Amino acid sequence: MTTATGFNAIVGQDTPIRLLKTFIRNGTHPHALLFTGDEGVGKKTTATTFAMACNCLTLQSNLRRRPPFDAIDACGACASCKKIANNHHPDVIHVAPASSVLRIGQIRELLNILALKPNEAHRRVVIVAEAQTMNPEAGNALLKVLEEPPDRTLLILTAPQP
């Protein structure tokens, strides 16, 4: 029995996946994305999969040869993919509410990390889960980063609705 991995594991989201693959293929990553949808639709899974594809060592070398569109996906086997899959990559940062609210302290800690250059990743990825739970102070602090993003950094926010 085999299990789908990478973008193939994300079911029913063909249009968004095609858009993410286009970003990777063309090298035109936005500095921020908002993934919305009901709970359980796969927002965090998609964010992690995209982070893997953006930093996959195998995919980065294959992109020079313009692979077929279906082949644009993380390998899951290189050191970068394994670290991201196991939540051990220093440049893929997860921020989630500690209780029911994302607080200013969490965003300030994130800003301190973002002031540094990425450690080893091609593109640092910050995944802010449940962005709708930010209190106003946290939202204002994050807004500064969204307006002037650090180089080679992608912010992905997840929320139930825009």
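Which residues of the largest nonpolar core touch the most other members? Keep that in mind as you open the model, which is a predicted one, and take the tour stop by stop.

**Stop 1: the whole chain**

Start with everything shown as a cartoon. The protein chain has six helices and four strands, and read along the sequence they follow the pattern α-β-α-α-α-β-α-β-α-β. Taken along the principal axes, the C-alpha atoms fill a box of roughly 45 × 35 × 25 Å. The radius of gyration is 16 Å, which agrees with the value near 15 Å for a compact globule of 162 residues.

Now switch on the surface. The protein chain exposes about 9300 Å², and carbon and sulfur atoms supply 51% of that area. Of the 162 residues, 42% count as buried. Among contacts with a separation of 6 or more, 73% are between residues 24 or more positions apart.

**Stop 2: the largest nonpolar core**

Hide the surface and select Phe7, Leu20, Ile24, Leu33, Phe50, Leu59 and Ile156. Here is the reply to the opening question: out of 28 residues in the largest nonpolar core, these touch the most other members. Colour the elements that give two or more residues to this core: helix H1 (14–26), strand S1 (32–36), helix H2 (43–55), H4, S3 and strand S4 (153–159). H2 gives the most, with six residues. In soluble globular proteins, nonpolar side chains tend to be buried together.

Next, zoom in on phenylalanine 7. Leaving aside neighbours within four places in sequence, phenylalanine 7 is in contact with Ile17, Leu20, Lys21, Ile24, Thr49, Phe50, Ala53, Ile72 and Asp73. Apart from the core you have just selected lies another one, of 16 residues, including Val126, Ala131, Ala138 and Val145.

**Stop 3: histidine 29**

Select histidine 29, in the loop between H1 and S1. Is this residue buried or exposed? Histidine 29 counts as buried because its relative accessibility is 18%, below the 20% cut-off. Not counting residues up to four places away in sequence, histidine 29 touches Phe23, Ile24, Phe50, Cys54 and Arg123. Show the side chains of histidine 29 and arginine 123, and you will find a polar contact between them at 3.4 Å.

**Stop 4: the salt bridge**

How many salt bridges does the structure hold? There is one, so select glutamate 120 and lysine 83 to see it: their closest N and O atoms are 2.8 Å apart. This pair links distant parts of the chain, 37 residues apart. Glutamate 120 sits in the loop between helix H5 (104–114) and strand S3 (124–128), while lysine 83 belongs to helix H4 (residues 79–85). Both partners are partly exposed: glutamate 120 has a relative accessibility of 45%, and lysine 83 has a relative accessible area of 31%.

**Stop 5: threonine 133**

For the last stop, go to threonine 133, in the loop between S3 and helix H6 (136–147). Threonine 133 counts as buried, at 15% relative accessibility. Which residues does threonine 133 touch, not counting those up to four places away in sequence? Select Pro97, Ser100, Val101 and Leu102 to see these contacts. Finally, draw a distance from the C-alpha atom of threonine 133 to that of glycine 42: the two are 91 residues apart along the chain, with a separation of 18 Å.

Note on methods:
Residues are numbered from 1 along each chain as its sequence is written. This is a predicted model: local features need pLDDT of at least 70, side-chain atom pairs count only at pLDDT 80 or more; totals for chains, interfaces and linings use all residues. Side-chain values use heavy atoms; hydrogens and water are left out. A salt bridge is a side-chain nitrogen of Lys or Arg within 4 Å of a carboxyl oxygen of Asp or Glu. Buried means under 20% relative accessible area, exposed over 50%, partly exposed in between (1.4 Å probe, protein chains only). A nonpolar core is a set of buried Ala, Val, Leu, Ile, Met, Phe, Trp, Tyr and Cys residues joined through side-chain atoms within 4.5 Å. Contact means heavy atoms within 4.5 Å. The radius of gyration is taken over C-alpha atoms; the globule rule is 2.2 Å times the number of residues to the power 0.38. Accessible areas come from the Shrake-Rupley method with a 1.4 Å probe; for residues, only the protein chains shown count as cover. A polar contact is a pair of N or O atoms within 3.5 Å; within protein, one must be able to donate a hydrogen and the other to accept it, and residues adjacent in sequence count only if both atoms are side-chain atoms.
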